[in-house]
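Notebook open, structure loaded. I'll jot down what I look up as I go.

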Amino acid sequence: MMNKDLIYVIEQIGREKGIGKEVLFEALESALLSASKKTMGAADNVRMQIDRQTGSLRVFARKKVVGAVTDPKLEITLDEARRLNAAVEMEDEIEQELAPQEFGRIAAQTAKQVILQRVRDAERDAVYAEFIDREGKIVRGAVHRIEKRNVVVELGKAEAVITEREQLPGERYNPGDRLRAYMLEVKKTAKGPQILLSRTHPGFLVRLFETEIPEIAEGIVLVKAAAREPGERAKVAVSSTKRDVDPIGACVGLRGTRIQVISRELRGEKIDIVEWSPDPAVFVARALALSPAKVSSVTVEERPEGEEGDALRSVLVVVPDNQLSLAIGKKGQNARLAAKLTGFRVDIKSEGEIEEERRRDEEERAEGRQTLVHLPGVGPQLVEKLVEVGLHSPARIVAAGLPALQALPGVGETKASSILAAATAWIAEHPAPSTAEPSAAVEGDGGSEVEPSPLER
């Protein structure tokens with residue numbers, strides 16, 4: 001039999017470990033049941049119940065009502081069953097209370113192991129529940145140790161890891177150092193919660209802005225997007241919910257004090273703050289850190305891609321010749337960050353490149369007209385129709401195929417087939433021009449094309 005001392009012990013353990021009393025009671029019941037099975041061979045139909053008020057132990061066995069008992073551990077006669085419940089019938093199941101058994105040393109040891117395991121499991125669950133809500137937020141901790149270039153950070157009840165990939169380039173860590181990091185992920189594993197931190201994630205930069213800039217914390221200024229090349233440079237797009245508040249000025253602070261605090265936290269990472277715009281052309285120009293006076297034109301294009309018809313959003317930015325290297329940046333960094341920030345594929349070209357493409361295109365069209373006129377069955381009017389839709393050479397006609405030719409006004413299936421046959425024959429007779437045919441005008445030479453990377457927030 002147990003007593004109220006048990007209640008006191010359970011309450012004390014619950015307070016120390018931060019575990020609910022009910023969890024501990026259930027753990028003890030499970031432990032005692034396991035101990036009884038190993039020492040007394042109790043059947044699987046037995047359950048134990050500890051009174052939450054008195055600490056007394058009660059044992060119950062679920063038995064089947066039968067006419068003749070062959071296994072007393074699993075079966076009970078109808079007469080005995082009706083003493084417990086008058087309404088019971090044959091083949092029903094009923095719980096019968098058994099006399100509690102005394103537990104020996106081995107049983108007690110077994111119970112202790114089960115309780116300790118359940119307490120450990122409960123502690124892990126409590127830690128997981130505490131930290132899963134902090135995923136995507138900034139946490140503070142102290143460096144505990146360095147393991148194979150991974151930094152182990154102590155966060156009170158748990159330890160977290162900053163892998164080498166999530167550390168700022170060149171940053172050094174020593175045991176005892178206090179730091180801030182972005183809680184990247186909290187995983188539940190057999191050994192307890194695994195917490196991964198990052199100091200390179202764009203979300204870390206966003207949370208630092210929210211922490212250091214009151215207008216962002218109050219919702220007056222909004223962070224719309226962020227992109228980073230950790231330790232080197234970052235771009236942040238902001239907007240204001242109030243007309244009289246300058247979002248860039250609020251983030252920079254008086255004499256740059258606010259942005260300097262964030263930059264120092266990121267070990268000197270340079271941060272460009274740009275004002276967000278719903279107009280893609282304006283937003284891309286701002287993201288490139290180029291004022292409108294330095295941008296000749298911005299053209300937004302939609303290119304269908306994939307079987308489902310998804311569109312790859314791309315932007316062609318044309319700048320003066322002397323601004324091309326500035327727009328692209330060192331090793332393409334400025335253009336890459338702009339692509340990440342805006343979510344567009346950014347293609348930057350100079351005015352000279354555009355002019356050269358236009359000149360080559362005009363020459364190609366003029367040469368194409370002369371070639372098409374000599375194709376059998378192609379008259380001057382049809383030549384103009386072909387040139388108008390971009391089919392200004394035999395190679396382009398062959399590449400486009402019958403569907404494109406049949407789509408032309410006044411060109412039926414028969415006419416389209418004859419044009420295609422004539423273009424194919426011309427290519428066979430003139431192999432040299434056909435090898436020089438690839439569409440340089442489509443991609444352009446010397447431009448900077450950058451694929452966007454989605455921001456993980």
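Started with the pairing of β10 and β11 in this predicted model. I find eight bridges joining β10 to β11 (residues 233-240), and the two strands run antiparallel. For a register mark I noted Ala 227, which stands opposite Lys 235 in β11.

Next I looked at the sheet around that pair. Three strands make it up, in the order β10-β11-β12; the sheet is open and its pairing is mixed. The edges are β10 (221-229) and β12 (270-275), each of which pairs on one side only. From one strand to the next I get an average twist of 20 degrees.

Then the helices on this sheet. I see α9 packing on it, with β11 and β12 touched, and the direction of α9 makes about 155 degrees with that of β12. Helix α11 (residues 333-342) lies across β10, β11 and β12, and I have it running at about 135 degrees to β10.

Followed the chain out of α9 next. Where does Ser 296 lie? I place Ser 296 in the loop between α9 (280-287) and β13 (297-305). Is Ser 296 buried, exposed or partly exposed? With a relative accessible area of 36%, Ser 296 comes out as partly exposed, because that value falls between the 20% and 50% cut-offs. I then listed what Ser 296 is in contact with, leaving aside neighbours within four places in sequence: Val 318, Val 319, Pro 320 and Glu 351. For Val 319 I also looked up the C-alpha separation from Ser 296, and it is 5.0 Å, although the two are 23 residues apart along the chain.

On to the barrel. I count five strands in a closed barrel that runs β5-β6-β7-β9-β8, with mixed pairing. The twist here averages 50 degrees from one strand to the next. I picked one pair to look into: strand β8 (residues 178-189) and strand β9 (residues 192-198) run antiparallel and are joined by seven bridges. In that pair, Thr 189 stands opposite Gly 192 in β9. Helix α5 (residues 202-212) packs on this sheet, touching β5 (138-147), β8 and β9, and I note about 125 degrees between the direction of α5 and that of β8.

Last element for today was α15. Helix α15 (residues 413-429) has 17 residues and reaches 25 Å from first C-alpha to last, close to the 24 Å expected at 1.5 Å a residue. Which residues of α15 are buried? I list Ala 416, Ile 419, Leu 420, Ala 422, Ala 423 and Trp 426. Looking down the axis of α15, I find these buried residues within an arc of 160 degrees, so they line one face of the helix. The spacing makes sense to me: an α-helix has 3.6 residues a turn, so residues three or four places apart point the same way. On the face of α15 turned away from the buried side I noted the exposed residues Glu 413, Thr 414, Ala 428 and Glu 429.

Closed with the totals. The protein has 17 helices and 16 strands. Of its 457 residues, 40% are buried. Among contacts with a separation of 6 or more, I have 59% down to residues 24 or more positions apart. The accessible surface comes to about 25,600 Å², and carbon and sulfur atoms account for 50% of that.

Note on methods
Residues numbered from 1 in each chain as written. Predicted model: local features only at pLDDT ≥ 70, side-chain atom pairs only at ≥ 80, totals over all residues. Heavy atoms only, no water. Helix = DSSP H or I, 4+ residues; strand = E, 2+ residues; numbered from the N terminus. Buried < 20%, exposed > 50% of the residue type's maximum accessible area, 1.4 Å probe, protein only. Contact = heavy atoms within 4.5 Å. Areas by Shrake-Rupley, 256 points an atom, 1.4 Å probe, with all protein chains shown as cover. Expected span 1.5 Å × (residues − 1). Arc of directions from axis to C-beta. Pairing = 2+ DSSP bridges. Axes fitted to C-alpha atoms, helices over the stretch in contact; angles between N-to-C directions.
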